[in-house]
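Reader: I am new to this structure and would like a close look at a single part of it, with the surroundings explained as far as they help.

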Amino acid sequence: MSQFEVFAPAKVNLALHVTGQREDGYHLLDSLVAFAPVGDMLQLSPAESLSLKVTGPESRGVPEGPENLVLKAAALYGPGPGAAIHLDKCLPAASGIGGGSSDAAAALRGMAALRDVALASGAAVVKLGADVPMCLDPRPARTEGIGEELTPVALPPLPAVLVNPRVEVSTPAVFKALASKTNPAMEPIPAFVEAADCIAWLARQRNDLQPPAVALAPVIAEVLAALSALPGCKLARMSGSGATCFGLFESDAAAEAAQAQLAAAQPGWWSAHGALGDQAAKAAPRLR
Ligand code: C5P
């Protein structure tokens, strides 16, 4: 049987508006998401049962037991051939760029390829995590509901720098600290021709989770200020519930130079650069 390699890209909320709250406590969101060419890598090898090994620069503290979303995701396919899964963790955990959700989505893609069955979908996938459905097909999308209602959006590639100050932020705590749960939705999304049009539109949108996250972890304000001060930065904002922030730049070269400058000034912070956009092709399971 074949071994598969699956890429789990970072998810970035370019804008995230909190528009309401459901009776079960989950918040209603209106968000524009895109995916980065940086992420985790999963390898799935045929085995009798399911198992997980985690290595890589960001593997510290990541569980290898059944509580890991990767194993929960793989188990959704029910009894049958198993897999020895190797997760190479490059994205910081609990950092607002969907690392765990993207890993779970990659495990779902990999197991479907390994067993040659249809990709899991529906409520069981949402139950793994509200961000898992959007990570299943990592293309730019408007996400509504609690994150599971997806509408594809055509976006130009957006050169970006991602920065995490190595502070974990609790998503429930950030939602709890929101001043208002009923904020206006995003403006209608026009057809973007150039990155500059998209950035101008984004500048008028928000991440409603940014103020409460900054209140809980003030270092996020430092990250945003550091990004904004980099040459060529057009917009700096937090992703998800933080603490990772992104800066959008006028070119790939500007983003690359900015990341190098920031990494030298803040060696303790995690950072990466690349164009945000469509990562679906890169995330398709590949035979090894
Ligand atoms: O679904 P997920 O496990 O990623 O969500 C983590 C927590 O974030 C939830 O338990 C909930 O407190 C909060 N959340 C929310 N509204 C959403 C998504 C997450 O309140 N749309």
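Which residues does the UniProt annotation "active site" cover?

Author: This is a predicted model, in which local features need pLDDT of at least 70 and side-chain atom pairs count only at pLDDT 80 or more, while totals for chains, interfaces and linings use all residues. Residues are numbered from 1 along each chain as its sequence is written.

In the UniProt record, an unreviewed entry, the annotation "active site" covers Lys11 and Asp131; UniProt positions are given here in the numbering used for the model, feature names are shortened, and annotations may be inferred rather than shown by experiment. These residues span 121 residues in sequence, yet no two of their C-alpha atoms are more than 8.9 Å apart, so they gather at one spot. Lys11 belongs to strand S1, where strands (E, at least two residues) and helices (H or I, at least four residues) are DSSP runs numbered from the N terminus.

Asp131 also takes part in the surroundings of the ligand, which consist of Tyr26, His27, Leu29, Gly129, Ala130, Asp131, Ile146, Gly147, Thr171, Pro172 and Phe175; a residue is near a molecule if its C-beta atom, placed from the backbone, lies within 6 Å of it. Two elements, strand S2 (27–47) and helix H5 (171–176), give two or more residues to this shell, and the largest share, 3 residues, comes from H5. By class the shell holds 6 nonpolar, 4 polar and 1 charged residues, with Ala, Val, Leu, Ile, Met, Phe, Trp, Tyr, Cys and Pro counted as nonpolar, Asp, Glu, Lys and Arg as charged, and the others, Gly among them, as polar.

The shell draws at least three residues from each of domain 1 (4–151) and domain 2 (154–276), whose bounds come from an automatic or database domain assignment. The centres of these domains, taken over C-alpha atoms, are separated by 21 Å. Their contact takes 27 residues from domain 1 and 36 residues from domain 2, two residues being in contact if their C-beta atoms, placed from the backbone, lie within 7 Å. On the side of domain 1 that touches domain 2, strands S1 (4–21) and S2 are the elements that give two or more residues, and the largest share, 11 residues, comes from S1. That side of domain 1 has 16 nonpolar, 9 polar and 2 charged residues.

Beyond the ligand there is also an open sheet, in which 4 strands follow the order S8-S9-S7-S10 with antiparallel pairing; two strands pair if DSSP finds at least two bridges between them. Strand S8 (233–238) and strand S10 (270–276) stand at the edges with a single partner strand each, so one side of each is left without a neighbour in the sheet. Within this sheet, S7 (residues 158–164) is joined to S10 by 7 bridges, and Ala160 has Gly274 in S10 as its bridge partner. Helix H6 (residues 195–203) lies across S7, S8 and S9, running at about 45 degrees to S8, and helix H8 (residues 219–228) lies across S7, S8 and S9 at about 165 degrees to S8; the axes are lines fitted to C-alpha atoms, for helices over the stretch in contact, and angles run from 0 to 180 degrees between N-to-C directions.
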